[in-house]
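Reader: I am new to this structure. Please show it to me, and then let me ask.

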Amino acid sequence: MKKSPYFYKTFMEVKITILGTGTSQGIPVIGSSHPVCLSDNPKDKRLRVSAMIEVNDKRLIIDCGPDFRQQMLSNKVSSIDAVLFTHEHADHTAGLDDLRPFYFRQGDLHCYMTSRVHEALKERFNYIFTTANKYPGVATLEVHEFINDTFTVDGIEVTPVLADHGYIPVHGFRIENVAYMTDVKTIAQ
Ligand SMILES: [Zn+2]
C-alpha cells in the first residue's frame, strides 16, 4: 500500500470549532423585526465570528469579539494557549478585556497580530497596553507581531494567509491541513 506523505510527519490531531458566524451586529440584531431575527430556529442565533483550533493538547483562539465570554462559557473552555487576530474590526477584537479570567488562571497571554492590528488595539485598549500606572486586575498580553511568514506557537506551525477585506487587509491562518479565513472580499491566486 502506498503511504501518504503525511504518514512520515509527526501525527497532529487538529480540531476546529466554529464559535460564531454572525454579522458584525450578531443575529438576531437588537430591536429588529426581520423574520430571521424573530425566528426560534437555533440556526438563526449567530454569535460574532470566531473559531477555536485545537492541536493535540494546545488550544488556539482566532479573534476575540464581543461574544468571546459567552463563547468560552458555552464551550466550557478553561485554558487557552494563544489568541490569533485576523484584523482589527471591533466585532473581532472588542472582547479583549474578557481575556482576564485566562490571565488570572494562567499568567501572561500570548497574542499574535500584525503591527497594524497591534497599533489599533493599543489605541482602543490603552489601559491594557500602557506600562505606566497600570491598574490592578488588567491582563498582561504578550504580543507577537507577524507579517506573512509562518510562525510557531508552542511548536505548532501557523501560516498567515493574506487577503483583502475591502479597505483593509485581513489574515486567515493555516494550521496543518486546516485553513480558516473570515471577512474576505478577494484573495490573490
Ligand atoms: Zn471585518
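Reader: What geometry does the site of the zinc ion have?
Author: This is a predicted model, where local features need pLDDT of at least 70, side-chain atom pairs count only at pLDDT 80 or more, and totals for chains, interfaces and linings use all residues. Residues are numbered from 1 along each chain as its sequence is written, and side-chain values use heavy atoms, with hydrogens and water left out. Four donors count as tetrahedral if all angles lie between 85 and 135 degrees, and as square planar if opposite donors are over 155 degrees apart and all others between 65 and 115; anything else is irregular. The angles among the four donor atoms here run from 86 to 168°, so the site is irregular.

Reader: Which residues are the protein donors of the zinc ion?
Author: Donors are N, O and S atoms within 2.8 Å of the metal (3.2 Å for Na, K and Ca); water is not among the atoms, so sites may look incomplete. Here they lie 2.1 to 2.3 Å from the zinc ion. They are H87 (NE2), H89 (ND1), H165 (NE2) and D183 (OD).

Reader: Is H165 buried or exposed?
Author: Buried means under 20% relative accessible area, exposed over 50%, partly exposed in between (1.4 Å probe, protein chains only). H165 has a relative accessible area of 18%. Therefore H165 is buried.

Reader: In what order do the four strands form the open sheet?
Author: Strands are DSSP runs (E, at least two residues), numbered from the N terminus. Two strands pair if DSSP finds at least two bridges between them. The pairing in this sheet is antiparallel, and the order is β7-β8-β9-β10.

Notes:
Four donors count as tetrahedral if all angles lie between 85 and 135 degrees; four count as square planar and six as octahedral if opposite donors are over 155 degrees apart and all others between 65 and 115; anything else is irregular.
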